[in-house]
Amino acid sequence: MELYVIRRPSAWANLSELEAAGAKSARIGNEQMSDRVRWIRSYVVHEADGRIGTFCIYEARDGESIREHARRVGMPGEEFYKVATTVVVRSDPAQKAAAAE
């Protein structure tokens with residue numbers, strides 16, 4: 001499988017909608033498509049229009065697997081990029097980000 005970044009701009013009105021979509025995404029990925037997609041993490045962003053978007057990191061067999069997973073979940077999945085390499089300067093400050101909310 002290859003590593004991909006998936007952009008889902010302004011896909012949700014609020015964090016509750018995102019949470020529901022995330023649960024469905026994990027269920028479909030784990031139960032129906034485990035040999036084709038694997039969700040690694042997501043960065044949740046506030047969009048300029050006030051909605052919620054994400055940048056998701058996935059392992060996937062190919063682009064069609066990403067599209068199919070998104071279709072099954074009912075969320076955007078057409079804007080994705082294969083990762084060429086990863087540069088990590090520091091680990092994600094996840095605990096600080098979660099504490100700020």
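**Note on the predicted single-chain model**

1. Read from the start of the sequence, the chain runs β-α-β-β-α-β-α. Its radius of gyration is 14 Å, close to the 13 Å that the globule rule gives for 101 residues, so the chain is as compact as a globular protein of that length. The radius is taken over C-alpha atoms, and the rule is 2.2 Å times the number of residues to the power 0.38. The pattern comprises 3 helices and 4 strands, where helices (H or I, at least four residues) and strands (E, at least two) are DSSP runs numbered from the N terminus.

2. On provenance: this is a predicted model, in which local features need pLDDT of at least 70 and side-chain atom pairs count only at pLDDT 80 or more, while totals for chains, interfaces and linings use all residues. Residues are numbered from 1 along each chain as its sequence is written, and side-chain values use heavy atoms, with hydrogens and water left out.

3. Overall dimensions: the C-alpha trace spans about 35 × 30 × 25 Å along its principal axes. Among contacts (heavy atoms within 4.5 Å) between residues at least 6 apart in sequence, 70% join residues at least 24 apart.

4. Surface: the chain exposes about 6700 Å², of which carbon and sulfur atoms supply 50%; areas come from the Shrake-Rupley method with a 1.4 Å probe, and for residues only the protein chains shown count as cover. Of the 101 residues, 32% count as buried, meaning under 20% relative accessible area (exposed is over 50%, partly exposed in between; 1.4 Å probe, protein chains only).

5. Residue E47 sits in the loop between β2 (37–46) and β3 (52–60). E47 is nevertheless buried, at a relative accessible area of 16%. Its side chain reaches the backbone nitrogen of S10 at 3.3 Å, within the limit for a polar contact (a pair of N or O atoms within 3.5 Å; within protein, one must be able to donate a hydrogen and the other to accept it, and residues adjacent in sequence count only if both atoms are side-chain atoms). Neighbours within four places in sequence aside, E47 is in contact with R7, R8, P9, S10, I52 and G53.

6. Residue S25 belongs to helix α1 (residues 15–31) and is buried, with 3% relative accessibility. The side chains of S25 and Y58 make a polar contact at 3.0 Å. Beyond the neighbours within four places in sequence, the residues in contact with S25 are W39, Y58, H69, V73 and M75.
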